[in-house]
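Take a walk through this structure, one region at a time. Keep the sequence and the 3D view open as you read.

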Amino acid sequence: MSGIVVVGLFDAVDPAAAAARALRALPLPEGDVTTLSPMPLPDGAVCRDPRGIGFPRFTLVGWFAGALAGLALALGTYLLYPLITGGKAIISVPPTLIVTYEVAMLGALAGTLIAGFWEMGLCRFRTRLIHDPRIQEGKILLCARVSGDEEARRAMDAMETAGGTDVRPEEGEL
Amino acid sequence: MNGSDHLARTDPGALYRELSRSNLPTTKKWYLGVALLSLVVLWGVGCFIYMMKTGMGVTGLNRPVMWGVFIASFVFWIGLSHSGTLISAILRLTNATWRAPILRGAEAMTAFALMVGGLFPLLHIGRNWRFYYMIPYPNSRQLWPNLRSPLMWDAVAINTYLLGSLTFLYFGMIPDLAIARDHATGWRKKFYSALALGFRGTHNEWRRYHVASTIFAILIIPVAVSVHSIVGWDFAMAKVPGWHSTIFAPYFVTGAIFSGIAGVVIVMATLRKVFRLERVLTVVQFENLGKLLCTMSLLWGYFYFADFLTVWYNRNPEEWEVFRSYAADYLPLFLVMIGCNFVVSFPLLCMRRVRRSIPALSVVSLMIVIGMYAERIMIVVPSLARRNDPFIWHNYFPSWVEFSILAGALALFLLLYTIFAKFFPIMAINDIQERLFQTTDRKIGGVTVESIGMPHDTGKGGHG
C-alpha cells in the first residue's frame, strides 16, 4: 500500500466514522481506508479490514516443524549414543513424547511470532510509514490511499466536512 | 458505547504519565537500591566462585542428602514463575475485565523468576564448568545427553517456557513501547523505536495483534502446566520414599500456581506503593487475587492430604519413616509449611475484610511464599535424609555459603525487576487504556455502576 495517502486527525470516533463513510461513498475501496488509533477499535466502528487473518496457520506449521525437530533430537540422540540406562529401551516412547511436545510448542510460538510480525507489517525500518504521534493524545488518524489529485482533493473535502483537522496528503506506506 | 466521550475522558497523555512513573528521571534512591542489590548479588557470586574452587564440601550437603536448598530453590523459583504468565494468559483468554493492571508486572515476574530458577541446577551440579554436557551437539566426548532422564526433560521444558514467557512478555509490550516511543525524546526514543518494531496502531495491526495475543495465551498455558509437571517428575521418577508418587505432577502444578499468585500479590502491592498506582491497582484486583489464593490454598490442602492419606493407610515402612520424621526432626519446618499454606492462610483468605485489605493480603501472601519455600525443602530433604538404609540417615542444614547464594539469587531477581521497571512500561498501558475506552458509568436507580462495552463476536477475527 504505497503512494499518496490523505490523512486527517479526529478527536473522536463518531466524526472519524462519518468521514470514513464519506470516503467509501466517493467511492474508495474498503481496504484503502484505515485508522491509526491509540487503542483497538472494533472492526467496522470506523473502517473494516477486508483481508483475512492468515498467520494462525503458521502456528500449526511451526508446531509440526517443532515436533519434527523434537522427534529428530530425541531419536537422533538415542541412535547416535545407544546406551541402555535405567533398564529402558534405547528408543523409549514416553521421553520421546515429552521432548517432542516441548519442542513442538516452541515451534508453534516461534511460528506465531514470525508470521504475526510479518502479517502485521512490522520491522519495516527502511520504509517511510504514515504515522502521527498525536494519536497518543487520544486522537484518531484517518488514512485514505488515493490515486490522483482529483481523488485526493475529494478525500480531503470529505475529511474536513466531517470535522477532521490537519487534513493533508502524505507520501508513504500504510 | 459512546466512543467520543470515552476518548476524551481517558486522556491518554495523562494516563501515560501516571502509568510510566517508574521511567521518570532516576533518583538517588534508585541508584542506592541498585547498588545495594548489586552488592548482595556480587557477594552471592563470590560465594559461588568460592564453592566452585573449594568444592561442594563447603555446603551442608552430605550423603545421603545430596539435594539441598539449591534444588528446593530451583523448584520454588520455577513455581513462583508460574502464575505470572499463566494467570495473565488465563485472564486474557477469559477476557477478565480486571486483568489489565496486573498483566505486565506478573509477566515480568515470570521471566525473571525463571532466569533465577534456571541458575540453581547449574549451581548444584558441582563441576559447574561442565554444564554444557546438557547441550546436544556432536563432539569428541561421544557423550550425549540422556533424554530418558527427567533432568533433560527439565532442560528442554524450562528453555521452552523461558523463551515462550519472554515472547509473551515482549509481544504484549509492543503497543506500550510504541506509546513510549511517541512520548520519549533522546536515546529513549531510539531505544523504544527499535523495540516497538514500527508498530503504529493501524486497524490491521490491532486486529492481528489481538489474534496473536490470544494464540500466545492458548499456547503458553499447556507449556506452563507441562513445565511444573516435569519438575514434579524429577522427583516422582525416582524410587525414593516420599517422592515416588503419581500425584506429584498435579500437586506441583497446584503448588506452583499457589505460590505464583502469592508472588503476584506481593509484587503488585510493592509496585502500587512505590509508583503511587493507587488509581489503577485498586482493591478489586487484590480481592480477586485473594479469591484465587483462597481456592488454591484449598486445592493445595486437598492434594497434600490425598498424598499423606495413602501413605498413612498403607504404612509402607520406608515411606512412613519419611512422614514420621516430619513430626520429629522437621517439625518446625512442617508447622511453618502447613500453617502458612493452609491452617492459618485459608481461614484468613475466607474473610472478605482480609482480601479487601491490601496490607493484610500482602502479609498473607508473604506467609504463603514462606510456607511454599518450606514445602519445597520438606519435599527435597526428609525423603533423602530417611532414604532406605537407616545406617546412613543423616540430617541436613545449609551452610553459610548456601545461604549467601540464596540471598544473591533473591537480590538478582529484585535487581532485574528494578532495572526492568526503570526502562520498560511496568503497567500494560494499552490494556488499561482499552479497558477505560470500553467502560462507561451507568445509572441504575440510585447507584452508578461501571458498564463495559464488548464488540459482538461476528466470527470474523478475534479479540484477546
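In which helix is Arg352(B) found? Arg352(B) is in helix α14 (residues 352-355) of chain B. Helices here are DSSP runs of H or I with at least four residues, strands are runs of E with at least two, and both are numbered from the N terminus. Arg352(B) is exposed, because 11 other C-beta atoms lie within 10 Å. The scale is simple: 20 or more other C-beta atoms within 10 Å of a residue's own make it buried, 12 or fewer exposed, and anything in between partly exposed, with C-beta atoms placed from the backbone. Glu287(B) is 65 residues away from Arg352(B) along the chain, yet their C-alpha atoms are separated by 7.9 Å.

A word on the model and its labels. This is a predicted model, in which local features need pLDDT of at least 70 and side-chain atom pairs count only at pLDDT 80 or more, while totals for chains, interfaces and linings use all residues. Residues are numbered from 1 along each chain as its sequence is written, and chains are lettered from A and ligands numbered from 1 in the order in which they are written.

Now turn to the interface. Here 56 residues of chain B are in contact with 56 residues of chain A; contact means that C-beta atoms, placed from the backbone, lie within 7 Å. On the chain B side, the elements that give two or more residues are α1 (3-10), α2 (12-19), α6 (150-183), α8 (203-236) and α17 (429-438). The largest share, 16 residues, comes from α8(B). By class, the chain B side has 27 nonpolar, 20 polar and nine charged residues. In this count Ala, Val, Leu, Ile, Met, Phe, Trp, Tyr, Cys and Pro are nonpolar, Asp, Glu, Lys and Arg are charged, and the others, Gly among them, are polar.

Stay with α8(B). Its axis and that of helix α3 (residues 93-120) of chain A come within 10 Å and cross at roughly 170°. Axes are lines fitted to C-alpha atoms, for helices over the stretch in contact, and angles run from 0 to 180 degrees between N-to-C directions. α3(A) and α8(B) are therefore roughly antiparallel to each other, a label for angles over 145 degrees. The residues that make this contact include Leu109(A) and Thr112(A) of α3(A) and Phe216(B) and Leu219(B) of α8(B). They divide into twelve nonpolar, three polar and four charged.

Phe216(B) turns up again in the core. The largest nonpolar core has 149 residues, and Phe216(B) is one of six that touch the most other members. Such a core is a set of buried Ala, Val, Leu, Ile, Met, Phe, Trp, Tyr and Cys residues joined through C-beta atoms within 7 Å. Leaving aside neighbours within four places in sequence, Phe216(B) is in contact with Leu109(A), Thr112(A), Thr167(B), Phe168(B) and Phe171(B). Another core, of 31 residues, lies apart and includes Ala19(A) and Ala155(A).

Next, the sheet of chain A. Four strands form an open sheet in the order β2-β3-β1-β4, with antiparallel pairing. To pair, two strands need at least two DSSP bridges between them. The edge strands, each pairing on one side only, are β2 (33-36) and β4 (165-171) of chain A. Strand β1 (residues 4-10) of chain A is joined to β4(A) by five bridges, and Val5(A) has Glu170(A) as its bridge partner. Helix α4 (residues 149-161) of chain A packs on the sheet, touching β1, β3 (140-146) and β4 of chain A.

At one edge, β2(A) pairs with β3(A) over four bridges. Val33(A) and Thr35(A) point one way from β2(A), Thr34(A) and Leu36(A) the other, and all are buried. At the other edge, Asp166(A) lies in β4(A). Its phi is near 50°, a positive value in a residue other than glycine.

Chain B offers a contrast. None of the six residues of strand β1 (residues 439-444) of chain B is buried, so β1(B) lies largely in the open. It pairs with strand β2 (residues 447-452) of chain B in the antiparallel sense over six bridges. Gly445(B), in the hairpin of these strands, takes a positive phi near 60°.

Finish with two cis peptide bonds. One runs from Leu26(A) to Pro27(A), with omega near 15°. The other runs from Arg63(B) to Pro64(B), with omega near 0°.

Conventions. Contact = placed C-beta atoms within 7 Å. Parallel < 35°, antiparallel > 145°, perpendicular 65-115°, else oblique.
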